[in-house]
Amino acid sequence: MKAHQHKHILIAEDSHVQAAGLTRILEQAGFSVVRAEHGLEALDLLQKEQVDLVISDVIMPKMDGYTFCKTIKTNELYKHIPVILVTSLSEPADIIRGIESGADSFIPKPYKADFLLERVEAHLSGNIG
């Protein structure tokens, strides 16, 4: 039995193709996954679901990933939840914005499944450094 088998991950991703690929990677690794199409829906799910980690796209309708991350990190109930921002944006200013929003990791697209899973497992085990 994998140690992370009972870990619950929230994905905020407006692209159905990207979300399906990410869900497949995570579920094959033994995680359970819930998905929102934008930050507002993801915040609603956070109130209903016990989540161990959040993976969010940056560019989404209604509430982007930076705002969603900052909202999580400034809320006493959720600020302990690791947030990984995944995006096709790669300019230094975009990465700085991710850090300023409180993101725990910033992973550029396209990403390799192994690298993503390493980051997820490191955050869940507290072995980030």
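This briefing walks through a sheet, the helices packed on it, and a cavity. The model you are looking at is predicted. Its open sheet has 5 strands in parallel pairing, and a search of the whole structure finds 1 cavity of 30 Å³ or more.

**The sheet**
- Reading across the sheet, you meet the strands in the order β2-β1-β3-β4-β5.
- At the edges sit β2 (32–36) and β5 (105–108), and each of these pairs on one side only.
- Neighbouring strands are turned by 20 degrees against each other on average, with direction ignored.
- As a reminder, strands of a sheet pair through backbone hydrogen bonds, either parallel or antiparallel.
- For a parallel example, look at β3 (residues 53–57) and β4 (residues 83–87), which pair over 4 bridges.
- Asp 57 stands opposite Val 86 in β4.

**Helices on the sheet**
- Helix α3 (residues 65–73) packs on the sheet and touches β1 (8–12), β3, β4 and β5. The direction of α3 makes about 175 degrees with that of β4.
- Helix α5 (residues 113–125) also packs on the sheet, touching β1, β3, β4 and β5. The direction of α5 makes about 175 degrees with that of β5.

**The cavity**
- The largest cavity has a volume of about 50 Å³.
- Residues lining this cavity include Ile 11, Glu 13, Gln 18, Lys 109 and Tyr 111. Asp 57 and Val 86 are also among the lining residues.
- β1, α1 (16–28) and β3 are the elements that give two or more residues to the lining.
- The largest share, 3 residues, comes from β3.
- By class, the lining has 6 nonpolar, 2 polar and 3 charged residues.

How values were computed:
Residues numbered from 1 in each chain as written. Predicted model: local features only at pLDDT ≥ 70, side-chain atom pairs only at ≥ 80, totals over all residues. Heavy atoms only, no water. Pairing = 2+ DSSP bridges. Axes fitted to C-alpha atoms, helices over the stretch in contact; angles between N-to-C directions. Contact = heavy atoms within 4.5 Å. 1 Å grid on protein atoms, 1.4 Å probe; cavity = no way out; pocket = protein on both sides within 12 Å on 5 of 7 lines; lining within 4 Å. Points joined across faces, edges and corners; volume = space filled by probe spheres on them. Nonpolar A, V, L, I, M, F, W, Y, C, P; charged D, E, K, R; others polar.
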